[in-house]
Each structure stands twice: as structure tokens, then as C-alpha cells.
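Reader: I have some questions about how the terms are applied here. Please set each value against its definition.

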Amino acid sequence: MARIKSKNDSPLVPMPSDSFIPQRDLGKTPVLEAKHLGIDFGGLTAVDDFNLTIGRTEIAGLIGPNGAGKTTVFNLLTKVYQPTRGTIMVDGYDTKGMSTVQVNKLGVARTFQNIRLFNNLSVEDNVKLGMHNQIKYGMAEGILRLPSYWKQERIAHERALELLSIFDMDGMAEAKAGSLPYGAQRRLEIVRALGTNPSLLLLDEPAAGMNPSETAELMENIIKIRDTFQIAIMLIEHDMNLVMGICEGICVLNFGKVIAKGTPDEIQSNPVVIEAYLGKKKEA
Amino acid sequence: MKLKSRKLKKTTVIDFATYIGVVLAFIIMNTLKNQGMLTRSLTGQLIPICCYIVMAVSLNLTVGILGELSLGHAGFMSVGAFSGVVAAMSLQTVIPSEPLRLAIALVVGAIFAAIAGTLVGIPVLRLRGDYLAIVTLAFGEIIKELINCLIIGVDETGLHIVFNATGTKSVNDLGLSEAGRVLIKGAQGATGTQTIASFTAGFILIMISLVVILNLVRSRSGRAIMALRDNRIAAESVGINVTKYKLMAFVTSAALAGAAGALYGLNFSNLVATKFDFNTSILVLVFVVLGGLGNIWGSIIAATVLTILPEALRGFDDYRMLIYAIVLILVMLATNNPQMKTLFAKLIPVRRGEKVNG
Amino acid sequence: MEFLSYLISGISLGSVYAIIALGYTMVYGIAKMLNFAHGDVIMVGGYISLLSMTSLGLPWWLAVILAMVVCTVLGVVIEGLAYKPLRAAPSLAVLITAIGVSYFLQNAALLLWGASPKAYTPIIAGSVKLFEGQLSISYVSMLTVFMCIVIMIALTLFTGKTRMGKAMRACSEDKSAAQLMGINVNRTISMTFAIGSALAAIAGVLLCSSYTSLMPTTGSMPGIKAFTAAVFGGIGSIPGALLGGVLLGIIESLAKAYISTQLANSIVFAVLIITLLVRPAGLLGKYVPEKV
């Protein structure tokens with residue numbers, strides 16, 4: 001399978017836990033370290049003993065059959081759910097007891113499987129909302145329209161257009177987010193997440209509903225985002241061309257448990273993974 | 001960059017049209033009033049209309065812009081009305097200037113309503129949808145009953161307040177001196193209030209409310225509030241503090257309602273707390289919904305028309321409230337039923353007002 | 001003994017709230033709307049029963065049946081004319097329409113029957129004296145509690161066992177899935193309104209029998225209280241409506257007797273608020289967090 005070349009490509013190296021990160025990220029605090037992470041819903045274990053380390057500029061993939069618990073992992077990492085067990089370290093900080101908002105301020109941003117845009121607001125406002133915590137003026141300054149309001153809003157406006165231009169969307173800044181076509185909505189969610197100035201970007205099925213040429217473009221853009229912003233990206237995706245094409249490390253989840261980790265080549269030849277996806281061959 | 005200038009124009013044009021519309025309406029009405037060309041009942045309605053416009057515009061902040069249903073807005077109006085009346089009446093000798101006293105009363109009303117809004121908002125804004133609606137309704141009723149139990153008087157030593165929870169206390173329990181005056185007599189409400197409210201003050205209050213709300217909506221905080229309305233979970237994911245912005249919208253809305261209440265209270269020499277019951281909250285909600293959620297312009301028009309309408313229907317006498325009810329139902333059906341909508345669109349080609357959506 | 005008598009009057013009042021709350025809760029469960037006009041249907045039920053007893057001279061049981069029939073028809077007509085066209089509309093639009101209907105009913109009653117309160121003769125007079133006359137329980141309160149229990153059992157059986165009842169539960173879970181299963185959603189909703197309004201008529205008769213007076217706004221406060229009761233117990237839940245209604249009645253009655261007459265409603269509402277803060281879906285309601 002063809003891999004999209006990125007200037008940051010480097011081999012994976014083992015970490016103290018059973019994880020791997022790219023060699024170039026060694027010596028820097030990993031952006032994410034999840035240890036023995038688990039959550040139960042009313043006695044039912046949705047995710048158990050999830051361990052993962054992500055390097056500072058790594059593109060990681062999280063794959064697995066439907067219902068494996070992939071989105072639940074994202075919800076745990078962003079504290080939509082508080083984990084029942086285990087720890088999540090972001091940038092070396094323990095996120096125990098933190099809320100979604102606090103984890104976001106630490107540098108974790110995400111997109112959603114079922115798109116969640118601010119549908120009645122303009123594209124530009126959606127991006128500006130991503131930049132909410134970078135825009136520094138308060139309620140009174142906004143109401144009184146003090147000079148800081150004009151200055152900060154101008155900076156925000158320019159920055160928003162700049163971010164939108166990654167996906168060539170600066171021309172539709174005026175449009176209502178809810179009126180965009182599906183693919184553009186997915187891209188806008190990524191831009192909005194980038195607006196929060198993250199160090200780890202979580203993409204939940206970014207290519208869902210896209211045609212092959214849109215997907216190819218998305219792959220290039222994901223690499224471009226990583227290279228430009230020097231951030232880590234973790235994505236959930238069912239499109240194996242995308243996953244195998246751009247991810248450096250891949251983690252496979254089944255029934256809430258990690259069943260395999262490794263490079264795309266290792267994962268593709270792993271019998272356990274093949275079994276999870278295709279089912280066990282009947283013993284004759 | 002061409003786009004940018006067009007955008008600035010589009011939103012500012014709507015805002016400025018609103019301001020200019022209100023200024024023009026004020027100038028016209030004020031001239032007509034001074035020329036004596038208005039009917040007595042319409043002149044008497046001018047200040048209440050201003051109050052209801054501010055009520056509608058401020059409730060629109062909670063219901064249209066924040067997206068949370070509140071059925072207790074009149075409660076905040078009530079808090080503002082009675083605190084404003086007490087402030088204005090007790091300062092009667094200290095501050096002889098009526099406009100200044102009125103301004104202070106409005107500020108006091110706004111502050112007390114904001115405090116009430118904070119006390120109500122912190123616990124209840126965690127609830128969602130219809131549950132929030134019923135709890136705000138409950139708070140409105142509680143505020144009404146609490147004010148019904150208040151007996152307040154003033155003399156040279158300051159304010160005297162008695163809380164008459166058991167119905168056994170009376171004005172005599174205030175312990176006022178000879179020079180003292182009773183301001184609020186429990187269930188009989190505020191009596192003998194000096195009516196210092198003016199149409200000009202009402203106009204200024206409307207303008208202030210518009211500046212606060214329109215500028216808020218176009219600022220960082222206002223965006224965050226609208227983001228909560230559109231998608232709370234996404235808003236949290238980009239680091240927006242849900243409680244902070246919900247409370248900001250709710251308290252701002254309560255404060256403006258308080259100022260409106262103070263103006264209303266100082267327009268009548270007698271005022272009872274039951275005036276601000278559930279039905280008043282509903283009335284204001286009707287203005288907001290008919291005017292269009294998030295549509296500030298619409299709230300102003302709806303508040304004005306629907307305050308005048310029952311008066312205008314006076315010719316129909318006993319039937320006027322019945323007609324009002326039928327009109328209300330028909331308008332809701334006409335604006336929300338798909339078939340009726342297309343039918344009406346064919347009959348009256350009206351361009352819908354622009355919503356405040358940034 | 002005094003306490004017992006307040007408790008009994010509270011249970012009796014609460015039973016009326018519970019019957020009204022049942023109507024609210026069923027309609028809310030299925031149509032997801034706050035039917036603010038429900039309280040005014042109660043008032044109509046009161047007037048119809050009163051007029052058929054005084055003007056037509058009918059026996060009380062026939063008057064009750066007549067009131068139920070009129071209210072049922074009224075409920076179905078309101079639903080068909082005002083709510084059905086708004087099935088796809090935002091919930092606020094439906095809420096305002098319901099408020100419009102409430103205004104309409106109140107003002108129509110005002111025109112038809114006048115603003116002044118009318119005396120209402122309780123359908124059953126007299127009371128039982130216990131403990132050498134220290135405790136007296138009126139037949140009306142006994143009848144109210146009895147009716148409430150009967151209605152509860154009947155409704156539980158109806159929603160649990162019958163075809164229509166099951167259709168109702170299906171519609172309240174998921175309307176489109178119910179439709180796919182061949183359930184006539186519109187007819188089911190009409191049926192719910194019919195049952196709710198018939199209950200409102202019974203509640204109207206019982207309420208007026210214990211208050212012994214009737215005017216066009218009679219229904220609005222009990223309506224709001226009953227709605228509070230429905231939310232308190234967990235809206236959409238039939239046992240919740242009973243529990244919420246009876247508890248609310250008891251709290252109101254005891255608060256009036258022992259704390260403050262002026263603040264009785266406030267105390268009731270404060271209890272509701274505190275309950276919702278601790279249990280956001282009410283006492284027996286299920287809290288379903290939003291799925292991400």
C-alpha cells in the first residue's frame with residue numbers, strides 16, 4: 001500500500017510501556033500517555049486496560065470493528081466520560097478530575113463522528129469559537145466595544161481565514177455552517193478544533209461520507225496539518241487506505257480491549273487483527 | 001477582503017436599522033404626545049410599552065440566543081420593580097432631582113434582579129429543556145409570594161423591613177417614627193409611589209438594552225452563548241465554560257428585566273406583586289416567540305403591537321381577549337405549519353427579518 | 001388528631017393533583033409537549049357538570065359522564081385543530097399555541113358563564129366522624145382518593161395489557177419506529193388526548209366538589225401544580241404522577257397548616273426545585289444523558 005510521504009517520517013521505537021512512538025519524538029514528553037484506562041457503564045465494561053503513548057508529532061490510528069469502543073476512548077481522553085480506572089497524562093500532566101474544558105485547555109481538541117457544528121452560526125464564527133480561549137477580551141469590553149475588542153476581533157478574523165485556507169474554505173467564511181455540504185462540514189470541524197491551538201488532535205472518522213478523491217485530499221491535508229503545526233494527530237477511521245496510508249502507529253481495539261499495536265505493515269499481517277475483522281475461520 | 005467589508009456592512013446595517021427605527025419611533029411618538037395628538041389610553045401605554053419591549057428583548061437573550069426556555073421572567077421584573085420603588089422613594093429627600101433618582105432606581109432594580117438571577121441561575125441552569133422551564137416558573141411564583149410578604153417603610157433612621165410570613169404582622173410592626181412612611185404593604189403592594197417614570201427614560205432604557213444585547217451577541221461572549229444553544233457538547237470540546245456563559249446570558253437578561261421593572265413600578269402609584277405572575281412571564285414569552293427567536297427587531301415590534309392590540313380591540317369589548325387568543329393560535333399555525341406557511345407565503349410576500357446569528 | 005386531619009386533606013388534594021398530573025404526563029410522554037390548556041379543560045369539566053346538575057337537573061353520575069364526554073370531545077378537537085398541524089414544529093411554537101388555547105378556553109368560559117364564582121354543590125355531601133367527632137373525613141375526599149386509585153390501576157392495566165396502550169408506549173419511546181411498525185401515530189396521540197381530557201373532567205368534578213366554587217380561572221393554578229407534580233414524580237411516568245401528586249398535596253396541606261399560608265405554594269415549588277437538583281429527571285424518571 002502506498003504511503004504518503006511526509007518530511008517527518010521516522011521509524012517507530014519502543015517505549016517503557018508496550019507502546020511505540022516515532023524515533024524523532026524520543027526525548028520529548030509524549031503528548032499522550034494513557035495507562036490501564038478503563039470505563040464501566042452500569043457493570044458493563046466498555047473499555048478495559050487501554051494503554052497508549054503518542055509522540056509529539058505522531059499520526060496515530062485507532063481502528064477496530066463497529067462497537068469496539070473507539071469513540072468511547074475519545075470520550076475518555078476528552079473527559080466527556082470520567083474513566084473508571086487508569087490515568088491519562090497529557091503533555092506530562094495528570095488529567096485526573098479534569099473536565100472537557102480543562103483538558104481542551106491542556107491541548108486536546110477533537111472532532112465528532114456525528115458532526116457537531118454550531119449550525120446557525122457562520123463558518124468564520126465556528127472557527128472563532130474554536131479560538132475562544134485565545135481571544136482575550138471580556139464581556140464588558142465586548143459590549144462597550146473598547147479598542148481591545150476591535151484589535152482582538154481583527155486578529156481573530158485574520159487567523160480564522162488563515163486556518164480556513166488550509167482546506168481552501170476561506171471563500172465560504174460567510175456561509176452558515178449548517179448549510180455546508182457534508183464533506184465541508186467535516187473539514188470545518190477539523191479547522192474549528194485546530195483553532196483551539198491543540199497539541200493533540202483527535203479525529204473521529206474524518207473521511208466518513210467522503211468520496212475517494214476527497215479522501216485523498218484529506219490525507220494530504222492531515223499530513224500538512226501535522227507538518228505545519230507540529231502536533232500529534234490520532235484518528236479513528238474505517239477507510240483502511242487512509243489509515244494505512246498516513247498513520248505511523250496503529251492501535252487495534254476489539255470488545256474494548258487493545259488486541260494489537262504496531263506499524264501499518266505489522267497490523268496488516270497480524271492474524272489476530274484479521275480474525276477480529278473477518279471472523280474466525282471455522283475449524284474443519 | 002472584499003467579503004470582509006460586505007460582512008461588516010451586513011450585520012452593522014441590521015443593528016443600525018434597529019437603533020434608527022427605535023429613535024425615529026421615539027421622536028414621532030414624543031412629538032405626537034407633546035402635540036396632544038395621542039389618545040389618553042395610548043399616552044398612558046407609552047411607558048409600559050417601553051418596559052415590555054425591554055422585557056421582550058431581554059427574554060430573547062435567554063430564549064432565543066441562549067436557547068433555554070424561561071417561564072419566570074416576570075419574577076425578575078418584580079424584583080426590579082419593588083427594589084426600584086423602595087430606592088426611589090427612600091431617596092426622595094436626599095436627591096431632589098427626579099431624573100437622577102429615576103436613574104438610580106433603575107440601576108438598583110437591575111442590580112437586585114441580577115442578584116436574584118444569579119441565585120436562581122447557579123442551581124437551575126444545570127437542568128435542561130422543559131425541566132428548566134418548570135423550575136423558572138416555580139421561581140417566578142416563589143418571588144411573587146415572597147414579595148407579597150414584605151412590609152417596608154422608611155424614616156430618618158433608614159429602611160425598616162418586616163417579613164410577614166405568617167400573616168400576623170402589620171405596618172405597625174415596622175416601628176417607624178412620626179416622620180416615617182410605609183413604602184410596601186405586603187399583599188397590598190407599593191402604595192403612594194411618586195410616579196417619576198418618563199417616556200424619555202423608557203426610550204433610553206430601550207437603547208441601552210439594545211446596545212448591551214446586540215454588542216454582546218457580536219462579541220466573543222455572545223458567540224460562546226450562541227454556541228451553547230447550537231451544540232453544548234461541541235462548545236465544551238473547544239473549551240467554552242458552559243456554566244459561565246449560561247449564567248452570563250441569564251443574569252444579563254435578569255438585570256435588564258429588573259431595570260424594566262423599576263421603570264414600570266415608578267409609573268404607577270399603586271403596584272401589587274401579583275401583577276408579575278406567571279401570566280406576565282407568558283405574555284413576554286409570546287412577544288419573543290411571535291417576534292422570532294433571536295430576532296431583536298421582531299421582539300420590539302411584537303411587544304409594541306401586542307401591548308396595543310388589546311386596547312385597540314376595546315371596541316369588541318368582551319370578545320377582545322377571545323380574539324387575542326384566536327389571533328395567537330392562528331399566527332402560530334400560520335408561521336409553523338408547512339402547508340399554511342406556503343399558503344401565506346403566496347398571499348403575502350414578506351421578507352423574513354434577519355436573525356441575530358452573527 | 002389535627003395532624004391526621006391535615007394529612008387526610010393533603011392526600012385528598014394530592015389525589016386530585018395526581019389525576020390531573022396523569023393527563024399531563026401521558027400527553028407529555030407521547031406528544032412531548034406541555035399542554036398548558038389541560039388545566040382549563042378541568043374548568044370546562046367543572047362547568048359542564050355543574051350546569052347539567054343545576055340547569056338540566058340530571059343526577060350527579062350522569063352529570064359526571066356528560067362532563068367526561070364533553071371534555072373528551074373538546075380534548076380531541078383541540079388536539080386536531082391546534083396541535084396536530086404543528087407536529088413537526090419547534091416545541092416552543094407548540095407551547096405558545098397551547099397557551100393560546102388556554103386563553104381561548106378561559107375567555108370563552110368568561111363569556112358563556114360570567115366572571116363571578118359559582119357555588120358548586122359537592123356531588124356527595126356529608127362526612128364520616130371518627131374518634132368521637134374529633135376527626136371528620138368528608139365523603140368527597142374519600143371518593144377522590146378512591147377514584148384516584150381506581151384510575152391508576154385502570155391506566156396501568158390499559159398501558160400494559162391493551163393494544164392501544166402498547167401503541168401509546170411505543171409512540172412515546174420512538175414515534176418513527178412506531179410508525180414503521182404499523183402504528184397509527186396520529187390516532188394514538190388523539191386517543192391519549194381523549195383519555196387525558198376525560199380524566200381532566202373527573203378531576204374537575206372532584207376539585208370543584210372540595211373547593212365548592214367555580215370560575216373561569218379555576219383550572220389554571222391546579223393545572224400548574226399538577227404539572228409540577230408530574231415533573232416532581234418524573235414526567236412520562238404513571239406511578240410518578242401519582243407519587244408526585246400525592247406528595248405535593250400533602251406538602252401543601254401541611255405547609256399551610258404549620259408553616260405559612262402565604263408561602264404554601266412557595267414551599268411546594270421549593271421542594272420541586274430541590275428534588276430536581278438532586279434528581280434531574282424527578283423521583284421516578286429515568287435520566288438519559290445525551291449521547292456523544
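**Values and definitions**

Author: Chain C has 11 helices and 4 strands. The model is predicted: local features need pLDDT of at least 70, side-chain atom pairs count only at pLDDT 80 or more, and totals for chains, interfaces and linings use all residues. Residues are numbered from 1 along each chain as its sequence is written, while chains are lettered from A and ligands numbered from 1 in the order in which they are written.

Reader: What makes a stretch of chain C a helix or a strand?

Author: Helices are DSSP runs of H or I with at least four residues, and strands are runs of E with at least two; both are numbered from the N terminus. In chain A, these rules give 10 helices and 12 strands.

Reader: Which elements of chain C have the lowest and the highest mean pLDDT?

Author: pLDDT is the predictor's confidence in each residue, from 0 to 100. Strand β2 (residues 127-130) of chain C has the lowest mean, 76, and helix α3 (residues 60-83) of chain C the highest, 93. Chain C averages 88, and 99% of its residues score at least 70. The model scores ipTM 0.89 and pTM 0.88.

Reader: What radius of gyration does chain C have, set against a compact globule?

Author: The radius is taken over C-alpha atoms, and the globule rule is 2.2 Å times the number of residues to the power 0.38. For 292 residues the rule gives a value near 19 Å; chain C has 19 Å, so the two agree. The C-alpha atoms of chain C fill a box of roughly 60 × 45 × 35 Å along the principal axes.

Reader: And what does the rule give for chain A?

Author: With 284 residues, a compact globule would be near 19 Å; chain A has 19 Å, so this agrees too. Its C-alpha box is roughly 75 × 40 × 40 Å along the principal axes.

Reader: How many residues of chain C count as buried?

Author: A residue is buried if 20 or more other C-beta atoms lie within 10 Å of its own, exposed if 12 or fewer, and partly exposed in between; C-beta atoms are placed from the backbone. Of the 292 residues in chain C, 53% are buried. For the 284 residues of chain A, the share is 48%.

Reader: What makes two residues a contact, and what does A260(B) touch?

Author: Their C-beta atoms, placed from the backbone, must lie within 7 Å. Leaving aside neighbours within four places in sequence, A260(B) is in contact with C51(B), V54(B), M55(B), M77(B), G80(B) and L205(B).

Reader: Why is the largest nonpolar core said to lie between the domains of chain A?

Author: A nonpolar core is a set of buried Ala, Val, Leu, Ile, Met, Phe, Trp, Tyr and Cys residues joined through C-beta atoms within 7 Å. The largest has 296 residues; L200(A) and A260(B) are among those with the most contacts inside it. Domain 1 (1-107 + 198-284) and domain 2 (116-196) of chain A both give residues to this core, so it lies between them. The bounds come from an automatic or database domain assignment.

Reader: How many residues of chains B and C take part in their contact?

Author: Chain B gives 37 residues and chain C gives 37. The residues on the side of chain B divide into 28 nonpolar, 5 polar and 4 charged. Here Ala, Val, Leu, Ile, Met, Phe, Trp, Tyr, Cys and Pro count as nonpolar, Asp, Glu, Lys and Arg as charged, and the others, Gly among them, as polar.
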